[in-house]
Every structure is written in C-alpha cells, then in structure tokens.
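Q: Please take me slowly through one strand of this model and its neighbours. I'm a first-year student, and I'd like each term explained along the way.

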Amino acid sequence: MEIRVCPVCGHGKKELMRLDDTVICECTGCGHVFTGHVDITPEAIYTDDYFTEKHKNWFANPDRVLFAEIRDQIRDHCGDQARILDVGCGQGTFLAFLRDAGLTDLTGLDIIDVNVPKIRTIKSAIEDFETDETFDAVTSLANIEHIPDAKGYMDKMARLVRPGGVVVIYTVNEKSLIYRLARMLYGIGIPFAAKRLYEPHHVNHFSVESLAALAKTSQLETAFVRLRNIPTRAIDIDPSPMGAVVRTAIVSIQSAAELVGMQTLQMAVFTKSKS
C-alpha cells in the first residue's frame, strides 16, 4: 500500500523514518504524519490474533470514563433522545454502554458481524454504506487512524450527520510526549518505541491540529478537544520481564504527559453548521 500525497491537505511528503515494512512520512504542507508506504497486506495485519492476542488488553478493557464523556457531549449538543451512529463499532461495547445509559436510537456500522441486543447493526465498510438517513451524532472511536483515505472517511461522516449535529472522533495524538520520545530515540538509533507506535495498522497519526484541519475540509468545526492517556489496564505489552519494564516506562511517560498536557490520545467533538 502506498499513500502518495497527504491525506489531509493533498500536499507532497518527506520521509521521516523507515521501520521494517513501513515508511513514515510528514506532509510538506500541513505537517500531518502518515504512512507513505507499507509492504504488508491488510490481511496480514488484521489476523485473528490482532484482536485476541496482540491487542487483547485494549479490547478487553474499554475506557468507560471516555464513554461517559462522549455520552455527556452528545447529550449537551443533541439531547437525551439523540440518534447515534457508531462507525467501526467493533463488538458494540460503546453502543452497549449508551444503551445501558438510557439512549435508545443506536446504530453500529462495521465490516464484521456484530450482534448486540436492542442495537441495530449494519455490516458494511463506511465507504460502501449508502443511506438517506442522517444522525444527530456520528462517532468514531480508535478507527480513523486505520483508514488510508482519511479525507473520504471524514466527508462521509459529515454527510451522515444532520445540520447542527456532532461528529465525535477518538484517535492518537502524534504530538504527545510518548510519540516525541519515540522519534527522538529513533534518531539516535533505537527504533523500538517508534516501531510500536507507528505500526503498519496505523496509517494516519493525527495531531490535534491535523485532525481539526481534516474536519474543516469537510465543513466541520471544532467544538471541544480533550487529551487523554491510555488506561493502564488497556496497555498491550508482552508479559515477559522486559515487558514489565516497558509497561513501567510507559506509565511513567504518561504520568509526565499529564503534567505537561501532552497525552497520547485525543477526543474531539466537531459540529456541523445548521445552515
């Protein structure tokens, strides 16, 4: 897979890092960081053990504090009866949380089979999903960083939300402390951390600025942004003694990031104009 130009603004790219099968690039226009080339197929990346082993803790330990904050943002903007579409809903954990919180008009969209009681689910990629429906809120949690055509993805999200509604996106923060340290270590010949953060399955590495810029190209305006760290229990690290050392280092870095406002992830709320 090769991405020839910046997915945010369409400008050219310069190479930042070479990590095994992956070339990491930076836009020469807006500064967005993205995968320029991956010499590995999606089928080889998204094997069964991607969910059950490699990222077991992430999927087994959903961030319910995050879920509650998104719920509150949706209620503040759209009310208690909001119609919600969750794009890339996975096993439906977030939608089940919303259902248990009293929201009833819930739809999940994913390429895998999803079956969650009292929640409508649709098996489709967002690129292929066609409907005349619009929603009060369209959410995307830890999904957009996997999508090569980020502009097409954001455009589709904007079309699916009603005027006055909100798009909520949860993704990485490439300007976080842990990313900066990884790039610094790569620069002195220690690529371990960079290989971990810039894995082939993440093809877009958004900063707050580049995500907001992408949303603006789809006529969405930033209403709210909060930086967050990965909950400790959700960190996926090898259980070996060296893995324990790495986990301790990550927790320490995230604690420092809290102090300086450079957390690993971002949750952003964008509004669609009523006009």
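A: Here is the strand, followed by a quick visit to another part of the chain.

First, some ground rules: this is a predicted model, where local features need pLDDT of at least 70, side-chain atom pairs count only at pLDDT 80 or more, and totals for chains, interfaces and linings use all residues. Residues are numbered from 1 along each chain as its sequence is written, and side-chain values use heavy atoms, leaving out hydrogens and water.

Our strand is β5, residues 106-110. Strands are DSSP runs of E with at least two residues, helices are runs of H or I with at least four, and both are numbered from the N terminus. Five of the five residues in β5 are buried, where buried means under 20% relative accessible area, exposed means over 50%, and partly exposed is in between (1.4 Å probe, protein chains only).

Now look at the directions. L106, G108 and D110 point one way, while T107 and L109 point the other way. In a regular strand, side chains alternate between the two faces of the sheet.

Next come the neighbours. Two strands pair if DSSP finds at least two bridges between them. Strand β4 (residues 84-87) runs parallel to β5, and four bridges join them; I84 has L106 as its bridge partner in β5. Strand β6 (residues 120-123) also pairs with β5 in the parallel sense, again over four bridges, and there T107 has R120 as its partner.

Helix α5 (residues 93-100) belongs in the picture too: with β4 and β5 it makes a right-handed β-α-β unit. Right-handed here means that, with the strands pointing away from you, the path from the first strand over the helix to the second runs clockwise.

Now hop over to S210, in helix α9 (residues 208-217). S210 is buried as well, because its relative accessible area is 4%. Not counting residues up to four places away in sequence, S210 touches V8 and H32, with contact meaning heavy atoms within 4.5 Å. The side chains of S210 and H32 also share a polar contact of 3.2 Å. That term means a pair of N or O atoms within 3.5 Å; within protein, one must be able to donate a hydrogen and the other to accept it, and residues adjacent in sequence count only if both atoms are side-chain atoms.
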